[in-house]
Amino acid sequence: MTTIATNHCFRLRKRPVGRVTDTDLELVEETIPSLEAGEALLRTLYLSIDPFNRVCMDEKPSYTEPVPLDGVMRGVGIGQVVESRRSDMAAGDLVLGYTGWQEYAVASGPGEFSPWTVLPSPPPAPIP
């Protein structure tokens, strides 16, 4: 059982017009829920920040659905499993998937937009 109690995440508070401003996203501290069967807690190590993120902030769907207002900002990341109640992930595994813009993510099911991928150990290349 993990002793981590809080998560820091960026939530989309309003749709940007033009460039993203400080008021479009809010960094918040939240309680991490207890894990249920089939879930794993990941600590985000690396996060991809790219033009895809800006597309997700728009209200109209493009090649992806928009991030809902007050939702955690979407993003692909690599995380390390802190605690697991999944048969396919063990504590210490490195995992690739949509972690979101947050310190900790809960991996449940196959992932919102793509499956979670457990990386080989040791990885074939440096993680960065």
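## Asp 88 and its partner

Asp 88 is partly exposed, at 41% relative accessibility. This is a predicted model. The side chain of Asp 88 meets that of Arg 86 in a salt bridge. The N to O distance is 2.8 Å. Arg 86 is buried, with a relative accessible area of 14%.

Why does Arg 86 count as buried? Its relative accessible area is 14%, and buried means under 20%.

## A shared network

Salt bridges with shared partners tie three residues into one network: Arg 13, Glu 26 and Asp 70. Within this network, the side chains of Arg 13 and Glu 26 meet in a salt bridge of 2.6 Å, N to O. The pair links distant parts of the chain. Arg 13 sits in the loop between β1 and β2, while Glu 26 lies in strand β2. They are 13 residues apart.

Are these two buried or partly exposed? Arg 13 is partly exposed, at 30% relative accessibility. Glu 26 is partly exposed too, with a relative accessible area of 35%.

## From strand to strand

Another salt bridge joins the side chains of Glu 30 and Arg 11. Here the N to O distance is 2.5 Å. This pair also links distant parts of the chain, 19 residues apart. Glu 30 belongs to strand β2 (residues 25-31), and Arg 11 to strand β1 (residues 6-12).

Glu 30 is partly exposed, with a relative accessible area of 25%. Arg 11 has 17% relative accessibility and counts as buried, because the cut-off for buried is under 20%.

## The total

How many salt bridges does the model have? The count comes to 5.

Note on methods
Residues numbered from 1 in each chain as written. Predicted model: local features only at pLDDT ≥ 70, side-chain atom pairs only at ≥ 80, totals over all residues. Heavy atoms only, no water. Salt bridge = Lys/Arg side-chain N within 4 Å of Asp/Glu carboxyl O. Helix = DSSP H or I, 4+ residues; strand = E, 2+ residues; numbered from the N terminus. Buried < 20%, exposed > 50% of the residue type's maximum accessible area, 1.4 Å probe, protein only.
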